[in-house]
Amino acid sequence: MNPFTPLTLPSGSQLINRLAKAAMDENMADRDYAPSEALIRLYRTWAQGGAGLIVTGNVMVDGRAMTGPGGVVLDSPHLSPQIGERFRAWADAAKSGGAQIWMQINHPGRQMPAALGQPTLAPSAVPMAIGSFSRQFSLPRAMTEADIAEVKARFIKTALLAERFGLDGVQIHAAHGYLLSQFLSPLTNLRSDRWGGSLENRARLLLEIVEGIRQQVGGSFVVSVKLNSADFQRGGFSADDAKVVVEMLNPLGVDLVELSGGSYEAPAMHGQARDGRTLAREAYFLEFAREIVSVARMPVMVTGGIRRYPVVEQVLGSGVAVAGMATALAITPDLPARWRREQESSARLRPIPWRNKVLASVGYMAMVKYQLRRLGRGKVSNPEVAPALALACQQWQTLLGNARYRRWIKAQAK
């Protein structure tokens with residue numbers, strides 16, 4: 001399959017090609033937690049890079065629940081005309097090269113840093129289990145029926161706002177150990193009510209959010225879902241579970257399912273071997289995707305480790321409709337455009353030799369964010385940045401961001 005072949009989605013909306021910029025957690029919001037000038041510049045850079053689809057980084061449905069201190073927030077209590085204009089500018093920048101832009105909407109659940117100083121909610125009061133890093137996360141409180149109803153309403157409201165501000169669709173984040181993924185996993189969802197137990201119950205919140213959004217947005221507005229192919233934890237959400245959930249999504253008007261995997265506790269989504277010396281393999285969720293494609297009635301997108309044109313051909317040749325790239329486009333934002341000219345171009349980030357898997361994952365994310373901040377300042381990427389330097393820069397940014405976020409939350413409460 002030629003990756004530059006257009007793709008028509010179930011809603012009738014069309015992607016100009018089958019190459020996607022997948023979501024990355026940029027943490028580049030402005031002081032109002034709206035898109036900053038640097039973030040808008042970053043997306044304009046990607047727009048000119050030739051991808052047919054651009055999925056935003058995490059946009060939070062609740063300003064009190066963040067994946068990090070610099071995340072973008074789109075929730076109705078904190079909107080003003082000026083903030084709305086920044087979201088419109090973001091959408092316009094991302095679409096300036098012909099791509100569609102979908103807003104990834106998310107709630108972190110228990111994966112919210114304790115340093116942000118906010119109460120943490122989750123399906124059940126299950127603490128994080130990542131060794132010495134666990135203390136960076138608070139013990140969550142099990143959600144009440146009222147909490148669940150509020151979260152559902154917030155996802156729907158954020159999708160409606162995204163449509164109002166000119167985005168082409170939303171991607172509901174139900175992967176990587178965030179809240180909806182926590183509901184899906186039997187390791188983090190220990191509930192005995194209608195939200196827990198059977199897979200049907202554990203998937204209920206995701207399904208109701210999808211239905212609620214699809215019923216209220218326009219017919220051509222895209223509704224997609226990001227789903228773990230597996231949690232990569234013993235006894236967790238499995239590949240068989242993922243197939244069943246996709247079958248549940250089939251009749252709900254979903255335009256695309258993106259497959260990824262892992263969580264903070266098992267960070268498979270970063271695609272590096274335990275020793276950090278090399279990619280474990282490119283397109284490392286592809287074997288799971290083939291199983292999903294066999295039951296999915298909507299197009300499937302695979303993200304994870306793709307950085308070479310032959311791998312894109314392999315992915316699309318397997319029946320997958322869209323090849324998603326994240327780190328590769330942080331390093332070489334115009335990689336799709338380069339592939340139109342010649343197929344030898346690639347993208348590679350300096351490997352991390354650290355043995356601690358969680359620390360290596362944190363370092364990897366810091367190296368990616370280092371590239372994003374450079375692109376946002378109008379500079380070229382630096383894939384050879386030392387992991388320790390990138391991590392130190394990220395820790396400093398986080399300290400400043402935590403303080404700023406606490407001040408913002410305090411001001412919102414007045």
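This is a short working chat about the predicted model shown above.

Reader: What kind of model is this, and how are residues numbered?
Author: It is a predicted model, so local features need pLDDT of at least 70 and side-chain atom pairs count only at pLDDT 80 or more, while totals for chains, interfaces and linings use all residues. Residues are numbered from 1 along each chain as its sequence is written, and side-chain values use heavy atoms, with hydrogens and water left out.

Reader: How many helices and strands?
Author: The chain has 13 helices and 14 strands. These are DSSP runs numbered from the N terminus: helices are H or I with at least four residues, strands are E with at least two.

Reader: What is the radius of gyration of the chain?
Author: The chain has 19 Å, which agrees with the value near 22 Å that a compact globule of 414 residues would have. The radius is taken over C-alpha atoms, and the globule rule is 2.2 Å times the number of residues to the power 0.38. Along its principal axes the C-alpha trace spans about 55 × 45 × 45 Å.

Reader: What share is buried?
Author: Buried residues are 60% of the 414. Buried means under 20% relative accessible area, exposed over 50%, and partly exposed in between, with a 1.4 Å probe and protein chains only.

Reader: And the contacts in the chain?
Author: Of those with a separation of 6 or more, 70% are between residues 24 or more positions apart. Contact means heavy atoms within 4.5 Å.

Reader: Switching to helices. What can you say about H6?
Author: H6 covers residues 204-216, and its 13 residues reach 18 Å from first C-alpha to last, close to the 18 Å expected at 1.5 Å a residue. The expected span is 1.5 Å times one less than the number of residues. Its buried residues include Leu205, Ile209, Ile213 and Arg214.

Reader: What covers the buried residues of H6?
Author: The cover includes strands E7 (100-106), E10 (169-174) and E11 (222-228). It also includes helices H3 (145-164), H4 (179-184) and H7 (239-249).

Reader: Which residues does Ala159 touch?
Author: Ala159 is in helix H3 and counts as buried at 0% relative accessibility. Not counting residues up to four places away in sequence, Ala159 touches Ile105, Val170, Ile213 and Phe221. The C-alpha atoms of Ala159 and Arg214 are separated by 9.5 Å, with their positions 55 residues apart along the chain.

Reader: What about H2, which residues are buried there?
Author: The buried residues of H2 are Ile83, Gly84, Phe87, Trp90, Ala91, Ala93 and Ala94. Their cover includes H1, E4 (53-55), E5 (59-60), E6 (72-73) and E7. The 15 residues of H2, 81-95, should span 21 Å at 1.5 Å a residue, and the end C-alpha atoms are 21 Å apart, which agrees.

Reader: Moving to loops. Is Arg31 buried or exposed?
Author: Arg31 is exposed, with a relative accessible area of 59%. Arg31 sits in the loop between E3 and H1. Leaving aside neighbours within four places in sequence, Arg31 is in contact with Arg404, Arg407 and Trp408.

Reader: Where is Asn27?
Author: Asn27 is in the loop between strand E3 (19-21) and helix H1 (37-47). Phi of Asn27 is near 55°, a positive value in a residue other than glycine.

Reader: And His176, buried or exposed?
Author: His176 counts as buried, at 10% relative accessibility. His176 lies in the loop between E10 and H4, and its phi is near 60°, a positive value in a residue other than glycine.
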